[in-house]
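Hi,

Here is the structure I promised to pass on. Have a look at it first, then read my notes underneath.

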Protein chains: 2
Amino acid sequence: MKPIKHNQGEATRHSILVAAERIFADVGFATARLEDVALAVGIRRPSIIYYFANKQDLYDAVEHDIFESMHAMAPGPAGEHPIDNLLALLDGWLDFLVGRPTAARIIMRLVADTTPRHGDPTRYSNLVLSDIDAIVTDGIASGDFRPMPPMHVVNAVGSSSLFYVCNSRQLGDGRSYAAADPKSLASFRSLLHKLARAAVDPNGGNSK
Amino acid sequence: MKPIKHNQGEATRHSILVAAERIFADVGFATARLEDVALAVGIRRPSIIYYFANKQDLYDAVEHDIFESMHAMAPGPAGEHPIDNLLALLDGWLDFLVGRPTAARIIMRLVADTTPRHGDPTRYSNLVLSDIDAIVTDGIASGDFRPMPPMHVVNAVGSSSLFYVCNSRQLGDGRSYAAADPKSLASFRSLLHKLARAAVDPNGGNSK
């Protein structure tokens, strides 16, 4: 969310987005009610309609902000080696999702949905998918990465951070952890790096 | 789903479960309606109530069946090496999810939900989590795997197959694939094996 609050209106709009993100994450689009968002913000329902015409518009604004913020974590074009760029991107995603677990849950719900939103499931996520597309494509072109569909990296490695965040309290007694705990996070990040290197390693052979 | 149909009643119960799994996968628990399940089966709503007292009971039966069926893919205790057991388990999960994408979507929705079902989010999934717990714990004990939380393997590698299945049509133009296509599946399976080996490799060092 943009921290800049130009005025009261901008502050209210920001509060609505924050409350809506939590509610969409908790119960999903279909179950979420504008009344509950209004209640969480401490305003009346008509006040939301002043900023967002309807629930779909509000949801779109939330999803748009999630992927823009995630895209902002992408490394600049400076990196010397494709693997450094890939690790920096995955680190950025991990830090973003750990710091904003509501975003992680909304992305999980988006992946579970079969009905493409507005006929295009990547209307907002394309920003983020393009970031990893570009890095993997560069790595393949330079011979640093083995040839592979970039989306394999998304599915196999990008997914991990989403699960790490969403599953922290979902795995039952004795298996829970705090995703933001520095020790747990460092251990998971180290694993994520191992997996990313293994995924793209051009000398990895064809292990069965 | 159990293929055994003792009689008409058992066949109807089976049809209800199949239809319900698709509807819960498509729209989620909150939005799913018993009326729609009845319509899909070609029976009236009261006929469902004869088999399942309410929507929660029906959902529970679907989730129970998913995790029992997934658990049935676990390799027997025969495997010589922990890594073979781990790869066999991951192969079993991948094949199960590719063959039953509705199950993949229901599991994704379960991970996204913050409210533990009946206070225990692993009421049914524990069967499957225990399978991987046991294999990773064995591998660590024998020194074949590096010490790590078994749930790291679930989050980092187990998640991959869920994304591979659910994302097949969700990634936008030029990135779609058919999860069950033999070539795509073989390529993804090879990657999954690389990741599993990298995740547990005791000689993997501390790559940053």
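Below is what turned up, mostly about the two domains and how they meet.

Some ground rules first: this is a predicted model, so local features need pLDDT of at least 70 and side-chain atom pairs count only at pLDDT 80 or more, while totals for chains, interfaces and linings use all residues. Residues are numbered from 1 along each chain as its sequence is written, chains are lettered from A and ligands numbered from 1 in the order in which they are written, and side-chain values use heavy atoms, with hydrogens and water left out.

The domain assignment (bounds from an automatic or database assignment) splits chain A into domain 1 (8-52) and domain 2 (65-200). Their centres, taken over C-alpha atoms, sit 27 Å apart.

Now the interface. In domain 1 of chain A, 7 residues are in contact (heavy atoms within 4.5 Å) with 7 residues of domain 2 of chain A. Together the two domains bury about 530 Å² (accessible area lost on being put together, 1.4 Å probe, summed over both), with 55% of that on carbon and sulfur atoms.

There is 1 salt bridge between the domains (side-chain nitrogen of Lys or Arg within 4 Å of a carboxyl oxygen of Asp or Glu). As for salt bridges by residue, R100(A) and E21(A) form one, at 2.8 Å from N to O.

One annotation to go with this: UniProt, in an unreviewed entry, puts "domain: HTH tetR-type" at residues 10-70 of chain A; such annotations may be inferred rather than shown by experiment.

Cheers
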